[in-house]
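Welcome! Have a look at the model below, and then read on for a short tour of its contact, its core and one of its chains.

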Amino acid sequence: MRRSPPQKPVDYLPIAFPAIMLGVFFVIPFAIMVAISVFERVQGGFYEPAFTFANYARFLTPFFGKVLAFSLGLAALVSAVCLLIGVPFTYMLTRLRRGKQVVWLIALLGVLSLSEVIIGFAWSTLLSRTAGLSNLFVWVGLMERPEAWTPGFAAVLTGLVYQAFPYTVLVLYPAFSRLDPSLMEAARTLGCSPARAFANVVLPAMRKTLLATFIIVFIFALGAYLLPQILGRPQHWTLSVLVTDQAIYQSNMPFAAAMAVFLVVASLALVGLSMAITGRKGAAGV
Amino acid sequence: MSKLLTRMFFVCMALFLALPIVVIAGVALNDKKTLAFPPQGLSADWYLSVFTDAAWRSALVNSVLVAATAAAISVAIALPLAWFLWRRVAPWAQFVQVIGFSPFILPPVITALGALSFWATTGFYGQPWTIVISHGIFFVSLPLVTITLGFATIDREVIEAGMTMGADDKILMKTVIFPLIRPYVISGFAFAFVLSLNEYIVAYMTVGFTLETIPIKVFNALRYGYTPTMAAVSVFFVLVAVGVFGLVARFGDLPKLLGAWSEGDET
């Protein structure tokens with residue numbers, strides 16, 4: 001069958017519904033949000049039409065700077081940790097028998113689809129004093145008495161890595177499963193140890209994929225909106241948390257919208273960068 | 001030696017992924033209303049309370065209804081779009097596709113805030129059905145990915161043969177194309193369903209104060225008073241996710257859905 005351009009008006013019908021739905025319920029909401037970002041906030045949690053950059057001007061405050069720096073730093077750290085564990089993991093995963101791979105994929109998808117609320121709750125329980133891991137350490141004799149490890153930075157980081165790790169593996173999975181096995185075989189025939197062949201042959205061959213994955217996971221981590229709130233203290237709040245907080249609890253929609261617009265611009269720039277690196281579209285497989 | 005290391009690595013990762021779930025599964029077994037682990041006294045009451053307690057049951061029903069309808073909307077948007085992209089030459093249509101993917105690639109808080117702005121402006125803020133539409137849009141990318149993949153597996157010569165025999169698009173769709181892509185449509189629905197069940201921020205910003213879904217209820221319980229029921233329901237959600245993806249793997253090709261090239265692929 002040859003694909004043909006639509007000729008009659010009726011040929012456009014199938015795409016009309018998707019286009020209208022996405023236009024009305026995604027593009028228009030987005031436009032309204034951008035509009036609100038230049039509106040003025042009035043007393044009582046409402047806003048009225050205006051054209052002001054005052055909401056954007058608030059980006060220049062040290063408070064916002066601190067949150068931004070923390071968000072970016074945290075996302076970078078999460079992404080780095082995820083790659084550090086995820087790369088060897090995915091490589092070994094793709095070398096497993098197919099049946100075992102499927103079991104792992106189901107488990108990874110299961111964790112990935114878990115609500116941030118549930119992940120936050122589970123980790124806050126696991127790191128708590130009453131029900132936490134520290135009890136186990138006390139029981140083994142490593143610690144004297146149970147301790148609370150949450151809220152704190154380490155708890156936020158652990159929770160975010162837990163959430164982003166399955167995502168990392170699933171983004172890496174296509175590339176690693178398509179990796180030519182003869183590459184590794186050649187290196188082994190030439191006398192490389194498996195670890196050395198992995199470091200000197202596989203990793204350099206995957207350089208671009210790894211960089212693109214770093215960016216994709218970075219954006220994913222930037223989007224975490226609950227874990228820093230549940231597992232951290234206010235100084236561990238990220239931009240996403242701040243957007244929610246301003247929109248719901250401080251009733252400052254214009255400022256929340258301005259920050260959201262900023263997040264969009266930053267994310268799009270990063271997506272563009274990752275596409276430029278891999279030279280193809282749709283680096284995010286899921 | 002290296003085999004042993006590999007195995008240990010896998011065991012460590014399995015522990016890391018499973019530990020939080022094991023702990024909440026245990027916490028929900030407590031006899032009294034406490035979040036102690038190991039549980040003090042054994043009781044299945046908290047697990048049963050997910051279904052017997054009226055408030056939790058209604059949240060569960062809400063979640064399932066929202067997820068099922070939202071996933072249906074996602075598929076209803078993704079299926080004609082993917083078909084059009086496969087059947088027609090129309091470069092501009094890819095623009096619609098990119099918009100379909102965007103909510104999933106951008107940080108979720110953006111879709112959530114956009115939805116809040118939109119429903120507040122149109123005056124429907126808080127209506128129970130708004131979340132269904134917003135979720136439907138939010139998760140379009142999942143069936144879009146799976147169904148596009150499904151179309152890519154169709155051998156165009158088969159369609160050619162059908163056309164030569166005189167079948168038009170409608171008959172082809174019914175007799176050839178849909179049966180071939182059905183597993184991909186179902187997995188797209190399944191992905192959207194499970195993610196919608198678990199979604200918090202869009203739900204919160206559209207119907208947070210009028211309709212309780214399970215994630216909203218768990219979050220409220222987290223803030224205003226723990227109960228082992230929230231642990232029980234979380235375990236239940238893990239099981240649902242694993243069960244659904246297990247079914248997808250059973251009836252479909254999970255590695256292929258996730259982008260691996262399996263034997264017999266052409267390119």
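The contact between the two chains takes 72 residues from chain B and 70 residues from chain A, where two residues are in contact if their C-beta atoms, placed from the backbone, lie within 7 Å. On the chain B side, helix α1 (residues 2-27) gives the largest share, 11 residues. Helices (H or I, at least four residues) and strands (E, at least two) are DSSP runs, numbered from the N terminus. Here is how the chain B side that touches chain A divides:

| Class | Members | Count in chain B |
|---|---|---|
| nonpolar | Ala, Val, Leu, Ile, Met, Phe, Trp, Tyr, Cys, Pro | 57 residues |
| polar | the others, Gly among them | 11 residues |
| charged | Asp, Glu, Lys, Arg | 4 residues |

This is a predicted model: local features need pLDDT of at least 70, side-chain atom pairs count only at pLDDT 80 or more, and totals for chains, interfaces and linings use all residues. Residues are numbered from 1 along each chain as its sequence is written, and chains are lettered from A in the order in which they are written.

Next, the core. The largest nonpolar core (buried Ala, Val, Leu, Ile, Met, Phe, Trp, Tyr and Cys residues joined through C-beta atoms within 7 Å) has 175 residues, and A164(A), A221(A), A260(A) and L113(B) touch the most other members. Helix α3 (residues 54-87) of chain B supplies the largest share of this core, 17 residues. Beyond neighbours within four places in sequence, the contacts of A221(A) include L74(A), V78(A) and A164(A).

Finally, chain B has 13 helices and 0 strands. Its C-alpha trace spans about 70 × 65 × 30 Å along its principal axes. Of its 267 residues, 49% count as buried, meaning that 20 or more other C-beta atoms lie within 10 Å of the residue's own.

Notes. Buried ≥ 20, exposed ≤ 12 C-beta atoms within 10 Å, placed from the backbone.
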